[in-house]
Amino acid sequence: MARRFLSHQDLHHLHQALVLAGFEVIGPTVKDDAILFAPIKSIDELPWGWQEQADAGTYRLQHTAGRRAFAWNTGPQGLKPWLFQPRQSLWRAENTEDGLRFRSVEPEPRPLAFIGLRSCDLAALKIQDQHFLEGPHADPFYRAQRAQLLIVAVNCGRSAHTCFCVSTGDGPEARFGFDLLLDELEGGYLLQTGSDRGTAIAAQLPLKKAGGKQVAEAEALLAGARRQQRVMPSEAELAQLVDRLDHPRWQQVAERCLACGNCTSVCPTCFCSKQDTEGDIQNRQAEQVRRWDSCFSEQHSYITGKVVRPEIRHRYRQWLVHKLATWQQQFGRSGCVGCGRCIAWCPVAIDLVEEAKALLEDTPQEDDHG
């Protein structure tokens with residue numbers, strides 16, 4: 001479908017069409033001084049006029065004069081918490097008169113329509129799909145919810161100081177993974193479809209033919225977003241990080257890093273997890289749960305009585321080298337989609353791009369393979 005035009009005052013028709021199609025609409029909202037995705041009952045709940053100012057260790061919202069719903073780039077979360085949940089019950093056990101009984105936990109997916117996802121989010125979703133769906137043991141909970149997902153993506157009309165999706169090849173325009181795609185303009189939205197479901201939703205909207213000036217405005221916004229971005233080293237250069245395991249920079253960054261795991265929590269591609277058993281105080285029932293974990297956790301590297309990455313420098317090195325270098329061997333590309341969340345939400349302002357550049361510099365190496 002060629003790009004069509006939807007006026008600002010008609011955006012509510014999109015929300016209405018999604019609801020009538022049976023979807024719960026999840027959209028960006030302003031909550032706790034950040035852009036967070038949550039169920040929305042009306043487009044009035046979108047962050048009209050809000051824009052983030054992000055830098056290393058900094059994320060602030062400011063209200064701009066313009067009336068746009070998607071003037072921001074990212075918040076601290078994307079799709080990940082909705083598909084790979086922070087806490088997932090796997091199975092339960094109960095003590096009964098007939099003995100111990102185990103029962104499985106069945107997936108309970110909901111039809112969800114997301115409005116406002118960006119190209120970096122779609123690239124991250126593709127990586128998560130590879131991990132959770134491909135191979136002999138697909139995750140049933142992820143698979144069930146993924147099948148119930150409809151995506152209305154939005155191209156970025158600007159870039160934050162933390163954005164570098166151009167370097168990773170993932171933006172600022174969305175090229176795949178959406179059902180509907182919007183470009184937000186001064187007077188409305190260019191709209192194109194990417195699936196049969198998206199086409200069916202678009203058929204219910206009061207669309208008009210897009211004019212040449214509107215298309216040119218959208219292209220100019222994308223070009224501006226590209227120019228505003230910083231540059232990450234190429235994947236070929238990042239692959240050389242495996243030869244920098246003794247670089248003195250690891251110790252330098254460890255002296256700042258808190259090992260808090262914020263970077264892995266906000267990263268849309270991280271998927272580490274652990275399993276715990278929860279029981280009631282009377283020991284009548286127990287539940288096996290999966291929780292998000294982080295390679296910054298000391299226990300994450302506990303193997304047969306030993307923590308193999310006891311120091312923060314080891315854990316930071318594991319995260320960065322895997323994300324940017326060995327991930328390429330695992331998935332055929334870097335694990336970074338250039339969203340910059342880890343930079344903005346690091347409490348001590350550690351900058352992934354700057355650390356990668358520093359590690360690739362030719363400097364004397366130490367004889368410590370710890």
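Which residues are linked with R87 in a network of salt bridges? In this predicted model, the network joins R87 to R92, D276, E278, E287 and R291. The structure as a whole holds 24 salt bridges, and three further pairs are described below.

Helix α13, which spans residues 352–359, contributes an acidic residue to two of these pairs. The side chain of E354 meets that of R230 in a salt bridge, with an N to O distance of 3.3 Å. This contact links distant parts of the chain, since R230 lies in the loop between α7 (212–227) and α8 (235–238), 124 residues from E354. E354 is partly exposed, at 36% relative accessibility.

E355 pairs with R256, and the closest N and O atoms of this salt bridge are 3.8 Å apart. Here too distant parts of the chain are linked: E355 is in helix α13, while R256 is in the loop between α9 (249–254) and α10 (262–266), and 99 residues separate the two. E355 has a relative accessible area of 2% and therefore counts as buried, the cut-off for that class being under 20%. R256, by contrast, is partly exposed, with a relative accessible area of 36%. The salt bridge thus joins a buried glutamate to a partly exposed arginine.

The remaining pair consists of R101 and D98, whose closest N and O atoms are 3.4 Å apart in a salt bridge. D98 is classed as exposed because its relative accessible area is 67%, and the exposed class begins over 50%.

Methods: Residues are numbered from 1 along each chain as its sequence is written. This is a predicted model: local features need pLDDT of at least 70, side-chain atom pairs count only at pLDDT 80 or more; totals for chains, interfaces and linings use all residues. Side-chain values use heavy atoms; hydrogens and water are left out. A salt bridge is a side-chain nitrogen of Lys or Arg within 4 Å of a carboxyl oxygen of Asp or Glu. Buried means under 20% relative accessible area, exposed over 50%, partly exposed in between (1.4 Å probe, protein chains only). Helices (H or I, at least four residues) and strands (E, at least two) are DSSP runs, numbered from the N terminus.
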